[in-house]
Amino acid sequence: MNHELRVGIIGTGVMGQDHARILSRKVAGARLTALADVNEAGARALAGELGVGDVFTDSTAMLDSGLVDAVIIASPDRLHAATTLECLERGLPVLCEKPLAPTVEEAAQVAQAHAALDRPLLSVGFMRRFDPGYVALKGRIASGVDGALLMTHSVHRNVEAYPGSDSAATITNSAVHEIDILPWLTGEKIVEVLWAAGRTTSLLAERHDPQLLLMRDAGGVLHTVEVQVHAQYGYDVRCEAVCERASVELAGAPTLVDGAPLVVSSGLQRATAYPADWRPRFAEAYRAELAAWVAASSAGTVPAEAATVEEALRTTRVALALVESMNRGGWVAVEGA
């Protein structure tokens, strides 16, 4: 394509709004031309803010309008697979927010349809692959300077949980980020998983919180992931790589002070600040992800850094194996390992 990529966004909730603002204000080579959401008032308010000319309440009508060259899907998880298939049928490049699908069967259907295409069209929105901290950590592990990787420890804490979700949603909607990024860091697939938990918070009735996930990869590395979706104090993501000669930690990113993430030690105290959600922490990752997607879509391909449909299918398999471990106990082998 030798013109600006015309992009339509399906879903104008929190994620759709963020993608729309980043695309409109911080990414070159693309123009947001259409929005689709059943909440017409919300979509029109966003369209007015960003100068988007067309709003649809039916996503299929938007896809058939001739107004878009590529699509971002930020609708509820249960709609991702069906909408992605509609985009692929029309030959439209698509960036689908995670997860690709809530079930292995739906994700496999998308993977099969994508494999039959003449060229790749689908990227899945696991944005941590574009985060400078995770990129640096991956490079250091790959360099071998600290010896072999033996174990990783991750923490994923949110301020508060969305109402109406169960314990499985902690895995399928939050922990999927770790399920995706850890094999990306190490280059090895997750082959076996175990769910565990102890005392649960009294502040959240509908799900067990926190949860501890253990995952063993094909290279023998053990990964521990603590997920707490109702931690109250702030949004906090950490990852530590335990190697033979060193421990390398991606610390939780505090609020930016003068453009830098700072921990201040003064007056016999050590202090930091935490953002209220994931957006400040991963703002650069989202911008870089969209910029790479726009450039690749305009060139008729997909970003090399982005999660592929096969990797997203694998993430769904691992997540559901963890849910199985939660429900019946014990280690569970991941299908296709």
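Here are a few notes on a cavity and some backbone features of this predicted model.

1. Let's start with the empty space inside. The count comes to one cavity of 30 Å³ or more, and the volume of the largest cavity is about 70 Å³.

2. For anyone wishing to select the lining of this largest cavity, the residues are Pro99, Ala101, Pro102, Thr172, Val176, Ala312, Thr315, Thr316, Ala319 and Leu320. By class, seven of the lining residues are nonpolar and three are polar, while none is charged.

3. Two helices deserve a look here. Helix H7 (167-186) and helix H10 (309-328) each contribute at least two residues to the lining of the largest cavity. The most comes from H10, which gives five residues.

4. Pro99 is worth a second visit: besides being one of the residues that line the largest cavity, Pro99 is joined to Lys98 by a cis peptide bond, with omega about -10 degrees. Pro99 sits in the loop between strand E5 (94-97) and helix H5 (104-115).

5. Please also check the bond joining Asp209 and Pro210, which is a cis peptide bond with omega of about 5 degrees. Here the proline, Pro210, belongs to the loop between strand E8 (190-196) and strand E9 (211-217).

6. Finally, a note on phi. Gln232, a residue other than glycine, has a positive phi near 75 degrees. The loop between strand E10 (222-228) and strand E11 (236-243) holds Gln232. Is this residue, Gln232, buried, exposed or partly exposed? Gln232 counts as partly exposed because its relative accessibility is 42%, and partly exposed covers the range between under 20% for buried and over 50% for exposed.

Methods. Residues numbered from 1 in each chain as written. Predicted model: local features only at pLDDT ≥ 70, side-chain atom pairs only at ≥ 80, totals over all residues. Heavy atoms only, no water. 1 Å grid on protein atoms, 1.4 Å probe; cavity = no way out; pocket = protein on both sides within 12 Å on 5 of 7 lines; lining within 4 Å. Points joined across faces, edges and corners; volume = space filled by probe spheres on them. Helix = DSSP H or I, 4+ residues; strand = E, 2+ residues; numbered from the N terminus. Nonpolar A, V, L, I, M, F, W, Y, C, P; charged D, E, K, R; others polar. Buried < 20%, exposed > 50% of the residue type's maximum accessible area, 1.4 Å probe, protein only.
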